[in-house]
Amino acid sequence: MMKKEKSETLVRTGPGTRMGNLLRRYWVPILLSREIAEPDGPQIRVQILGEKLLAFRTTDGEVGLISEFCSHRGASLYFGRNEDNGIRCSYHGLKFARDGSCVDVPSAPKLCDSMGIAGYPCIERAGIVWAYMGPKEKRPAAPAVEWCNLPASHVFVSKRLQECNYLQAMEGGIDTSHVTYVHRFEVDDDPMHRDTKANDYIKADGNVIFEIEQNACGLTLFGRRNGEPDSYYWRVTQWLFPWFTLIPPFGDHALGGHVWVPIDDHNCWAWSINFHPNKPLSAEERRDMEEGKGIHCPYEPGTFRPVANKDNDYLMDRIAQKDKRAYSGVFGFAAQDASLQESMGPIQDHEHEKLLPTDRAIVMARRLLYDAAVALENGHEPPALDADQQRVRAAGVLLDRGVNPREWAALHLADASKQPVYSI
C-alpha cells in the first residue's frame with residue numbers, strides 16, 4: 001500500500017507540481033523528428049507534462065517548441081503561419097520566434113518585449129526531438145543513453161499513445177517478472193525474440209529471484225532464473241532515472257528500451273527503441289519493426305494510437321487464450337502490456353495494492369522519484385544529471401552459480417561502448 005500523499009506526488013506532473021518540477025530538469029522526448037520534417041511546414045500540437053505546446057521547424061531547419069497560445073488574446077497558434085523563422089498568429093499578426101520571444105506586434109511594435117510566451121530549447125537525437133523545460137540556468141548535458149548517439153542506420157524508434165498515467169506504464173517496464181506470463185507464448189513466434197535459449201530459461205523458471213542495486217543513474221535489476229545445472233541465467237535490466245528502461249536482449253536480436261513520458265496525468269507516450277550498437281539494423285529487422293512487431297505496434301490510421309486499444313478490448317481472442325497462443329488472449333507485446341496497465345484505470349489506486357517480493361524494484365524506483373521530488377522542493381539538486389552515467393547496458397548471461405552478478409556487471413555493463421553485447 002502506498003499512502004495517498006506519496007501517490008499524488010508521483011502521479012501529478014503538471015506545471016508547478018513536485019514531480020512536474022523534477023521531470024522538467026531532464027531532457028524530455030517530445031516527438032519524432034519526422035513529424036515536423038519540413039522547414040516552414042505545418043506546425044503540430046504537442047502536449048507534454050500537462051502543457052499544451054506547438055512544435056514546428058523554422059525556415060532555417062531548427063526546431064521550435066512554444067506555448068500553443070498567443071499572448072495577446074489566447075488564440076491557438078496552431079492556426080497561425082509558420083514562416084520566416086517564426087509562427088505568426090492569424091488573429092492579429094503577432095509573431096513568435098522558436099524560443100517563444102515575440103518579434104513583431106504590428107499594432108504596437110514597442111510592446112514586443114512584454115508579449116513573449118513559453119519556449120523551450122530543443123535538440124535532435126535518434127530521430128527524436130528532445131526539449132529542456134526547466135530553469136534555463138540548470139540545463140543539463142544532452143542525453144547519453146547508448147541508442148541516442150548511434151548512427152540512424154543502427155536505430156529504430158517508435159512511439160505509441162498509452163491511456164494511463166506514466167508511472168504504472170513505466171513500472172511495467174521495470175517489472176520483468178511478468179515476461180514469464182503475459183508474453184509467454186508470443187516469444188516463440190515474434191521475429192525479435194524467437195529461436196533463443198533465453199526463452200527456454202524464462203519459461204522453465206517462473207520463480208524469478210531479484211537482486212536490486214541502486215547506483216548513480218538509477219537501478220540495476222538482476223533477475224535470477226535457473227540456467228544449466230551449474231549456472232544461473234541472469235536477466236539484467238536497467239532503469240535510468242527518471243524514465244528510461246533498457247531491456248535484457250534475446251540472442252542476436254536487436255537490443256531494446258523504452259522511455260515513458262507523461263502527456264498529462266491520465267496519458268503518456270510509450271517510446272520504444274531497438275538498436276544494434278555495432279552494426280546497422282537489417283532490412284528485415286526494420287521492416288518487422290515498421291509493421292509493429294516486437295515491442296512496437298500497428299496504429300489506427302493517421303494516429304499514434306494502437307489498433308488494439310481499450311475501445312475494442314485490445315482485440316482479445318478468447319479462443320487463442322484457450323489454445324495457448326496468447327496468454328491473456330491479446331496479441332503483441334505492446335498491446336499485452338498496455339491492456340493490463342490501462343486496466344488499472346487512468347491512475348492506479350495505490351492505496352489498495354498489495355505488493356509482492358518481486359515488486360522490490362518498483363518500490364525502490366518510487367522511493368527514488370519521491371525523495372528526489374521532495375528534495376528538489378527543499379533546494380537540493382536532482383540525481384542522475386551527469387549524462388555519462390547513462391552509458392550502461394542491459395544483458396542476458398549465464399554465470400556460474402558462485403559468481404556475484406553485481407561484480408560481473410560492474411566490469412561488463414558500466415560503459416557499454418567498450419563491451420560486447422551479452423545475450424543468450
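Ile87 is a good place to step into this predicted model: its relative accessibility is 0%, so Ile87 counts as buried. The residue belongs to strand β6, a run that covers residues 87-88. Setting aside neighbours within four places in sequence, Ile87 is in contact with Gln43, Leu54, Phe56, Ile66, Leu77, Arg81, Asn82, Leu94, Lys95 and Phe96. If you look from Ile87 across to Ser339, you cover 252 residues of sequence and 39 Å of space, C-alpha to C-alpha.

Ser339 brings us to helix α7, where it is one of the buried residues. This helix runs over residues 333-342, and nine of its 10 residues are buried, so α7 is largely enclosed by the rest of the structure. Besides Ser339, the buried set holds Phe333, Ala334, Ala335, Gln336, Asp337, Ala338, Gln341 and Glu342. Which elements do the buried residues of α7 pack against? They pack against strand β11, residues 155-162, and helix α3.

Helix α3, residues 166-174, also turns up in the surroundings of helix α1, where it is among the elements that cover the buried residues. The cover over α1 further includes α2 (18-23) and α8 (360-377). Helix α1 itself takes in residues 4-11, and its buried residues are Ser7, Thr9, Leu10 and Val11.

Let us move on to strand β1, residues 27-32, where Val28 is found. With a relative accessibility of 0%, Val28 counts as buried. Leaving out neighbours up to four places away in sequence, its contacts are Leu23, Ile48, Leu49, Val129, Trp130, Ala131, Met133, Trp243 and Val261. Trp260 lies 232 residues from Val28 along the chain, and the C-alpha atoms of the two are separated by 9.8 Å.

Strand β2, residues 44-48, gives us another residue to visit, Gln47. Is Gln47 buried or partly exposed? Its relative accessibility is 25%, and therefore Gln47 counts as partly exposed; the cut-off for buried is under 20%. Gln47 is in contact with Lys52, Ile263, Asp264 and Trp269, once neighbours within four places in sequence are left aside. Of these partners, Asp264 is 217 residues away in sequence, while the C-alpha atoms of Gln47 and Asp264 are 7.4 Å apart.

A loop residue can be buried too, as Asn309 shows: its relative accessible area is 3%. Asn309 is found in the loop between helix α5 (283-290) and helix α6 (318-322). Not counting residues up to four places away in sequence, Asn309 touches Glu300 and Tyr314.

Now for the cysteines. How many disulfides does a search of the whole structure find? The search finds zero. Cys89 is in no disulfide, and its nearest cysteine sulfur, in Cys70, is 4.0 Å away. Cys89 has 5% relative accessibility and so counts as buried. Why is there no bond between Cys102 and Cys112? Cys112 holds the cysteine sulfur closest to that of Cys102, but the two are 4.4 Å apart, too far for a bond; the cut-off for a disulfide is within 2.5 Å. Cys102 also counts as buried, with 8% relative accessibility.

With these places in mind, we can step back to the chain as a whole. Its secondary structure comes to nine helices and 18 strands. Contacts between residues 24 or more positions apart account for 61% of those with a separation of 6 or more; the pair Gln47 and Asp264, in contact and 217 residues apart in sequence, is an example of such a long-range link.

As for overall form, the C-alpha trace spans about 80 × 45 × 45 Å along its principal axes. The radius of gyration is 22 Å, which agrees with the value near 22 Å for a compact globule because the chain has 424 residues. Buried residues make up 56% of those 424 residues.

Finally, turn to the surface and the charges. The accessible surface of the chain comes to about 18400 Å², and carbon and sulfur atoms hold 51% of this area. The chain carries 49 positive and 58 negative charges, and the mean positions of the two sets are 2 Å apart.

Key. Residues numbered from 1 in each chain as written. Predicted model: local features only at pLDDT ≥ 70, side-chain atom pairs only at ≥ 80, totals over all residues. Heavy atoms only, no water. Helix = DSSP H or I, 4+ residues; strand = E, 2+ residues; numbered from the N terminus. Rg over C-alpha atoms; globule rule 2.2 N^0.38 Å. Buried < 20%, exposed > 50% of the residue type's maximum accessible area, 1.4 Å probe, protein only. Contact = heavy atoms within 4.5 Å. Areas by Shrake-Rupley, 256 points an atom, 1.4 Å probe, with all protein chains shown as cover. Lys, Arg positive; Asp, Glu negative; His and termini not counted. Charge placed at Lys NZ, Arg CZ, Asp CG, Glu CD.
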